[in-house]
Amino acid sequence: MRQDIDDIVRGVNIGRWKPVEIECGDRTIEVLLPPGAKTLEMREFAPLARPADEIRRSLEDPVGTPPLAKIIEAKGKPARDLSVCIATSDITRPVPYKGEGGILDPLLRIFLDCGVRRDNVTLLVGTGTHRPSTAQEKVAMFGERVAAEFRIIDHVCDDESMLTHIGRTRSGTEIDINRHFIEADVKIATGLVESHFMAGVSAGRKAICPALVSRKTIERFHSARFLSSPKATNLVLEGNPCHEESLEIARKTGVDFIVNAVLNRRLELIGVFSGDLEQSHDKAVELVRRVVAIPVDREYDIVLTHGGYVGINHYQNAKAACNALPIVRENGFLVLAACERDEDPIGPATYKTLLHLLKLQGPGGYLAALLNPAWKFTRDQWEPQMWGKVIEKIGEEGILYCTAFIPEEEQRLVPGTPGWDFLPPRVFPRDGEATQAMVRNALVYACHHPKWGGRKPSVAFIKEGPYAIPYVKGTAL
């Protein structure tokens with residue numbers, strides 16, 4: 001244990017502190033909160049009692065458009081001659097596609113019942129910059145029957161033969177997009193609507209950009225200039241440059257119809273929204289806001305959060321840190337309990353290099369490098385930029401990053417105070433028990449830090465970690 005931490009932690013009486021459970025991968029760990037700490041929770045939403053019926057109702061009575069049968073009829077040629085392209089998410093998003101309670105079977109059934117030929121329907125997996133999906137993943141996403149009977153293509157952002165140019169945006173972005181989608185007679189976009197800490201929310205227009213565009217177009221979407229905007233954050237759409245760029249590109253493609261799902265914290269379906277690219281998506285966003293947004297009266301001195309199941313590495317845990325940031329006071333403490341389970345617990349090599357640059361140069365220096373005309377856009381540069389927003393508000397010393405799953409020597413290369421500094425000088429295994437000890441000591445340290453001048457600091461615990469969006473009442477969301 002670091003000496004100054006030991007000096008603060010040793011001898012503190014925590015007899016009145018109360019236990020809470022924190023998600024740690026596929027298990028939980030117990031930590032203690034001081035008296036008066038506030039637990040922040042998302043609203044509870046029960047799953048749809050009859051998901052298949054609700055999906056069918058959504059498709060038959062869409063928002064802002066005629067039903068699909070009418071859209072097909074209006075295309076001006078026989079249904080058997082129409083080509084259909086359905087943009088889908090890849091395996092990284094838990095969209096409920098397959099099975100009786102999934103959105104894909106009833107959607108496909110409408111086309112077949114209208115006379116569209118099965119071999120004229122293409123499922124286009126929107127990978128963005130992700131790798132193509134495997135055969136096993138296609139079955140896992142869409143089910144064995146759909147995977148066997150329908151043509152499924154993965155978008156490849158670097159394959160020029162798969163792309164076509166359709167113009168440029170008002171900001172000057174050249175739009176190169178998947179030709180299978182743009183050339184289809186009927187264009188459908190599907191996805192999962194959830195909060196997104198850059199674009200505001202996911203799905204809707206994001207099923208087109210970044211999912212189906214070229215790497216160069218994606219680089220503009222993830223550009224340092226766009227992400228430096230204070231409006232490039234959770235649940236903010238108006239004035240968000242990422243959202244506006246994505247929406248402009250999606251509009252240019254002529255999307256005919258979207259089908260979006262909303263899930264609760266347990267990944268159960270709580271809403272289906274079909275129809276117009278914007279109107280239908282707006283309805284889904286309304287529900288997402290009700291699910292994830294947690295209004296609070298003030299910022300807190302100390303906020304405890306966790307990486308959740310999504311936090312498989314340090315790269316992914318940026319979401320938990322950024323989501324908590326609006327309610328952490330300037331120069332306060334953010335205690336993050338993490339459980340990295342990825343093959344590389346920090347992230348890709350490019351991310352590690354850029355994260356080290358952030359640590360050396362600080363948020364201002366890092367951003368200046370990205371904005372320099374001589375800078376060559378580098379994959380993963382956006383995630384350290386998001387960590388930079390955290391450092392800018394609370395400083396490196398304010399990030400108490402508690403994990404036993406990143407080796408000590410590696411953790412010291414990334415920004416923040418490593419959890420290993422909160423352990424006594426004995427051998428600890430890389431497991432949840434060691435992380436638990438880190439978090440307990442980090443909270444004691446934060447609560448009794450000299451910066452509070454002897455006063456009792458305010459403490460909040462975000463129970464759902466990266467899935468919740470706490471915000472101070474009166475601020476924009």
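Is Asp 81 buried, partly exposed or exposed? Asp 81 counts as partly exposed, at 38% relative accessibility. Here buried means under 20% relative accessible area, exposed means over 50%, and partly exposed lies in between, using a 1.4 Å probe and protein chains only.

This is a predicted model: local features need pLDDT of at least 70, side-chain atom pairs count only at pLDDT 80 or more, and totals for chains, interfaces and linings use all residues. Residues are numbered from 1 along each chain as its sequence is written, and side-chain values use heavy atoms, with hydrogens and water left out.

## Salt bridges

Side chains of opposite charge can pair when their charged atoms come close. A salt bridge is counted when a side-chain nitrogen of Lys or Arg lies within 4 Å of a carboxyl oxygen of Asp or Glu. By this rule the count comes to 34 salt bridges. The table gives some of them.

| Pair | N to O distance |
|---|---|
| Asp 4 and Arg 2 | 2.7 Å |
| Glu 54 and Arg 57 | 3.2 Å |
| Arg 80 and Asp 81 | 3.7 Å |

Asp 81 thus pairs with Arg 80. Arg 80 is partly exposed, at 48% relative accessibility. Salt bridges that share partners also join Arg 2, Asp 4, Glu 408, Arg 412 and Asp 421 into one network. Within that network, Asp 4 is partly exposed, with a relative accessible area of 35%. Arg 2 is partly exposed too, with 30%.

Glu 54 and Arg 57 sit in helix H2, residues 51–60. They are separated by about one helical turn, because they are 3 residues apart in that helix. Glu 54 has a relative accessible area of 31% and is partly exposed. Arg 57 is partly exposed at 39%. Helices (H or I, at least four residues) and strands (E, at least two) are DSSP runs, numbered from the N terminus.

## The second largest pocket

Rolling a probe the size of a water molecule over the atoms shows where empty space is left. The search uses a 1 Å grid over the protein atoms alone and a 1.4 Å probe; a pocket is an open set of points with protein on both sides within 12 Å along at least five of seven lines, and lining residues have an atom within 4 Å of a point. Grid points are joined across faces, edges and corners, and a volume is the space filled by probe spheres set on the points.

The second largest pocket has a volume of about 740 Å³. Its lining has 33 residues, and the closest to its centre are Pro 230, Thr 233, Leu 325, Pro 326 and Lys 389. Helix H12 (318–324), helix H13 (349–371), helix H14 (382–394) and strand E20 (469–472) each give two or more residues to the lining. H14 gives the largest share, 7 residues.

What kinds of residue make up this lining? It divides into 20 nonpolar, 9 polar and 4 charged residues. Ala, Val, Leu, Ile, Met, Phe, Trp, Tyr, Cys and Pro count as nonpolar; Asp, Glu, Lys and Arg count as charged; the others, Gly among them, count as polar.

## Two buried residues and one partly exposed

Gln 411 lies in helix H15, residues 408–411. Gln 411 is buried, with a relative accessible area of 2%. A polar atom of its side chain lies 3.3 Å from the backbone oxygen of Thr 403. Contact means heavy atoms within 4.5 Å. Not counting residues up to four places away in sequence, Gln 411 touches Tyr 401, Thr 403, Ile 406, Pro 418, Gly 419 and Trp 420.

Ser 214 lies in the loop between strand E11 (200–201) and helix H8 (215–221). Ser 214 is buried, at 5%. With the same sequence limit of four places, Ser 214 touches Cys 157, Leu 163 and Asp 176.

Arg 298 is found in the loop between strand E14 (293–296) and strand E15 (300–306). Arg 298 is partly exposed, at 45% relative accessibility. Beyond four places in sequence, Arg 298 touches Ser 458 and Val 472.

## Backbone details

A cis peptide bond joins Cys 209 and Pro 210, with omega about 20°. Pro 210 is in the loop between E11 and H8.

Leu 235 is not a glycine, yet its phi is positive, near 65°. Leu 235 is buried, with a relative accessible area of 0%. Asn 331 also has a positive phi, of about 65°. Asn 331 is in strand E16, residues 328–337, and counts as partly exposed at 42%.

Technical notes
A polar contact is a pair of N or O atoms within 3.5 Å; within protein, one must be able to donate a hydrogen and the other to accept it, and residues adjacent in sequence count only if both atoms are side-chain atoms.
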